[in-house]
Amino acid sequence: MTYVDLHVITRPLSILRVIIAILVCTTFSLVASAGPFPSHYWGWCMFTWCFCFFFTLLIVILEFTTFSTKLPFAWDDFTTAFSMLASIMCLTASIVYPTFFACNICYRQIGASVLAVLCCAAYFLEVTLIRKQRAGEIRGFLSTYVGIMKMMETFLACLIFISLEASHYTKSPVLQGCVAVYSLCFILTLLIILLTVGELTPLLPFSDKIVIAYNFVAAVMYLAAMVIWPLYSFQNNKRPPDCGYLCGWDKVVMVTMMTIFNFCVYVVDSIYSLWLVCHVRTE
C-alpha cells in the first residue's frame, strides 16, 4: 500500500530535483519558443531536456508517494544511473546547442544556453549528493563503473546515429559496413544492459566470459571503423568553401570523433571487465 510521505519533499536531494525539473522545463520552453530547426542536433537537444524533465519529475512523484518502494528493481541504482546519464546528456546538449544555434543577437538561444549549463551543473551536483549520502549502499549494475561505461557506449552510438546521413554511406559498401558496426554494437550493448538490470544473466551459461569476449570483439570492430570511416569518407572530399554550420561534411567529422571516443570506451571497458573478473576469482 502506498501513501504520501511529506518528509521526502523536504530532503535536500528532493529539493534539488525539483529545482532541476524547473530549470530543464524552462530550458526546453525557451528553445521551443525560439522556433524549431530542421536539424537532428536540435531534435537531440530537445529530446535530452524533455527526457530529463520527465524522469526527474517522475522520480520526485514516485518517492513522494512511496510508490518507488514497490517497484521490482533497485530504486537507488536506477536513480543513480539516471543522474549520471542525465549529466552526460545535458553536458552534450549544453555544448551542441550554443555551438550550432546561438548567436550574438539570439537572446532566447543565449538564455537557453545559460540554463543548459546550469542544468548540467545541477545534475552533476545531484550525482555528487547521491554518492555522498549512499556511499557503500548502492550495489546495482548501472551505478558501477562497468554499467557507466555501457551507458556511455550506447550514448556515443546515439550521437553517431543522429550525425549520420544516408548520403554519407549509401554509395560505399565499406562505409555501410561501418554503419553496421555501429548498429550491431549498439543493439548488443543495450541488450547486455537490459539483461543485467533485469537480473537475467544468471540464466545464460558463462555470461561473464561472453560479455568480456563481446567487449574485445566490439573494440576490434570499432578500431576497424575508426580507421575505415575517415579514410573512405574524406578521400577526395575536402570541406566545401560554402559549408556553414550543420553541413554534411561537419557531420562526417562528428561521426569520426564519436567513433574514436567510443573505441576508447570499449577498450577501457574490456580491460577493466577482464581485470575485475580475474581479481574476483583470485580472491
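## A first look at an all-helix chain

Reading from the N terminus, the elements of this chain go α-α-α-α-α-α-α-α-α. That is nine helices and zero strands. What you are looking at is a predicted model. The chain has 283 residues, and buried ones make up 43% of them.

### How the helices pack

A good way in is to see how some of the helices sit against each other. Two packed helices are described by the angle between their axes and the distance between the axes. Here are three pairs to find in the picture.

| Helix pair | Angle between axes | Distance between axes |
|---|---|---|
| H2 and H3 | about 150° | 9 Å |
| H1 and H4 | about 160° | 9 Å |
| H3 and H4 | about 160° | 8 Å |

Take H3 and H4, which pack at an angle of about 160°. That makes H3 roughly antiparallel to H4, and H3 passes H4 in a left-handed crossing. To find them, look for residues 75–101 for helix H3 and residues 107–133 for helix H4.

Now step to H2, which spans residues 40–64. Are H2 and H3 roughly parallel or roughly antiparallel to each other? With an angle of about 150° between them, they count as roughly antiparallel, because angles over 145 degrees fall in that class. The crossing of H2 and H3 is left-handed.

Helix H1, residues 12–33, packs with H4. H1 and H4 are roughly antiparallel to each other too, and their crossing is left-handed.

You can check the H1 side of this with a single residue. Isoleucine 20 belongs to helix H1 and is buried, with a relative accessible area of 0%. Along the chain, isoleucine 20 and alanine 122 are 102 residues apart, yet their C-alpha atoms are separated by 6.4 Å.

### Salt bridges across the chain

Side chains of opposite charge can pair when their charged atoms come close. In this model the count comes to five salt bridges. Three of them are worth a visit.

Start with arginine 17 and glutamate 63, whose side chains meet in a salt bridge with an N to O distance of 3.1 Å. Which parts of the chain does this pair link? Arginine 17 sits in helix H1 and glutamate 63 in helix H2, 46 residues apart. Both residues are buried. This pair also has company: salt bridges that share partners join Arg17, Glu63 and Glu126 into one network.

Next comes the salt bridge between the side chains of aspartate 269 and lysine 150, at 2.3 Å from N to O. Aspartate 269 lies in helix H9 (residues 248–282) and lysine 150 in helix H5 (residues 145–163), so the pair links distant parts of the chain, 119 residues apart. Are the two partners buried or exposed? Aspartate 269 is buried, with a relative accessible area of 0%. Lysine 150 has a relative accessibility of 1%, so lysine 150 counts as buried as well.

Helix H9 also holds lysine 251. Lysine 251 forms a salt bridge with glutamate 165, and the closest N and O atoms of the pair are 2.7 Å apart. Because glutamate 165 lies in the loop between H5 and helix H6 (166–169), this salt bridge ties together parts that are 86 residues apart in sequence. Here the partners do not get the same label: lysine 251 is buried at 8% relative accessible area, whereas glutamate 165, at 25%, counts as partly exposed. The cut-off behind that split is that buried means under 20%.

### A neighbour of lysine 251, and a surface patch

Stay in helix H9 for valine 252. Its relative accessible area is 6%, so valine 252 is buried. How many residues separate valine 252 from proline 230 in sequence? They are 22 residues apart in sequence, and 8.0 Å apart in space from C-alpha to C-alpha.

For the outside of the model, turn to a nonpolar surface patch of about 530 Å². Which residues make this patch? They are Ile105, Tyr107, Ile110, Val114 and Leu118. Among them, isoleucine 110 has its place in helix H4. Isoleucine 110 has a relative accessible area of 33%, so it is partly exposed.

Notes. Residues numbered from 1 in each chain as written. Predicted model: local features only at pLDDT ≥ 70, side-chain atom pairs only at ≥ 80, totals over all residues. Heavy atoms only, no water. Salt bridge = Lys/Arg side-chain N within 4 Å of Asp/Glu carboxyl O. Helix = DSSP H or I, 4+ residues; strand = E, 2+ residues; numbered from the N terminus. Buried < 20%, exposed > 50% of the residue type's maximum accessible area, 1.4 Å probe, protein only. Patch = residues over 30% accessible without salt bridge, like charges linked within 9 Å, V, L, I, M, F, W, Y side chains within 5 Å. Areas by Shrake-Rupley, 256 points an atom, 1.4 Å probe, with all protein chains shown as cover. Axes fitted to C-alpha atoms, helices over the stretch in contact; angles between N-to-C directions. Left-handed = near helix turned anticlockwise from the far one by under 90°. Parallel < 35°, antiparallel > 145°, perpendicular 65-115°, else oblique.
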